[in-house]
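Please open the model in your viewer and keep the selection tool at hand. We will move from one selection to the next, pausing at each stop to see what is there.

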Amino acid sequence: MDEFMAAAVEEARLSAAEKGYPIGSVVVRDGTIVGRGRNRFLQTGDPTTHAEMEAIRDAARNAAGEVDTLLNGATVYTTMMPCEMCAGAIIRFGIARVVVGETQTYTDAGTRTLMARQDIEVAVLEDPACIQLVENYLQAYPEWAQLMRARTRRRLNL
Ligand SMILES: [Zn+2]
């Protein structure tokens, strides 16, 4: 696993340690991590605090004045295929590439196609460590499996 996906996995582990969903993300620009985030929906009650959104917010906070162009050409690493909201933010802010840890535990709901149609390069690793993060969580919190199954029934009409 490369250092950037390893950093995203570390964020996911931090969330799991907080009893949150084990999803992590980092934003990389010019070979450097400029933003880090983890899903904090359960921790904060804010449904927009997905890992990718949090990493983008962190990158913007760190940008000091160049927010408009900060993400142009950046790469987002995320342990799981982005949802519709995060894919929208990735498109909106000019991110060039998305590296996805796995798509086994959460079907992409059409977001892979959505991003690819906007000329965003999407690389899927199917990394066993990323899959294990979610499987461990599902064992500890089986009610989440029910929520995920409900969500995967919804799919973008592309
Ligand atoms: Zn999301």
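This is a predicted model, and the tour begins by selecting Val 76, which, leaving aside residues up to four places away in sequence, touches Ser 25, Val 27, Glu 52, Ala 55, Ile 90, Ile 95 and Val 98. Val 76 and Val 27 are the residues with the most contacts inside the largest nonpolar core, a set of 35 residues. To see where this core draws its members from, colour the elements that give two or more residues to it, namely helix H1 (3-17), strand S1 (24-29), H3, strand S3 (75-78), H5, strand S4 (97-100), helix H6 (111-117) and helix H7 (128-140).

Next, select helix H3 (residues 51-63) together with helix H5 (residues 84-92), which pack at an angle of about 30 degrees with their axes 8 Å apart. Showing the side chains here lets you find Glu 52, Met 53 and Ile 56 of H3 where they meet Met 85, Cys 86, Ala 89 and Ile 90 of H5. Of the residues in this contact, 6 are nonpolar, 1 is charged and none is polar.

Stay with H3 alone for a moment, and look for its buried residues, which are Ala 51, Glu 52, Met 53, Glu 54, Ala 55, Ile 56 and Ala 59. From its first C-alpha to its last, this helix of 13 residues reaches 18 Å, close to the 18 Å expected at 1.5 Å a residue. Just after H3 comes Ala 64, whose phi is positive, near 50 degrees.

Now move to H7, where the buried residues to select are Cys 130, Leu 133, Val 134 and Tyr 137. If you look down the axis of H7, these buried residues fall within an arc of 85 degrees, so they line one face of the helix. A general point helps here: an α-helix has 3.6 residues a turn, so residues three or four places apart point the same way.

The last stops are in two loops. Select Asp 30, in the loop between S1 and strand S2 (32-38); its phi is near 50 degrees, a positive value in a residue other than glycine. Is Asp 30 buried or exposed? Because a residue with 12 or fewer other C-beta atoms within 10 Å counts as exposed, Asp 30, with 7, is exposed.

Finally, go to Glu 126, in the loop between strand S5 (121-124) and H7. Glu 126 is not a glycine, yet it has a positive phi of about 50 degrees, and with 11 other C-beta atoms within 10 Å it is exposed.

Terms used:
Residues numbered from 1 in each chain as written. Predicted model: local features only at pLDDT ≥ 70, side-chain atom pairs only at ≥ 80, totals over all residues. Axes fitted to C-alpha atoms, helices over the stretch in contact; angles between N-to-C directions. Helix = DSSP H or I, 4+ residues; strand = E, 2+ residues; numbered from the N terminus. Contact = placed C-beta atoms within 7 Å. Nonpolar A, V, L, I, M, F, W, Y, C, P; charged D, E, K, R; others polar. Core = buried A, V, L, I, M, F, W, Y, C linked by C-beta atoms within 7 Å. Buried ≥ 20, exposed ≤ 12 C-beta atoms within 10 Å, placed from the backbone. Expected span 1.5 Å × (residues − 1). Arc of directions from axis to C-beta.
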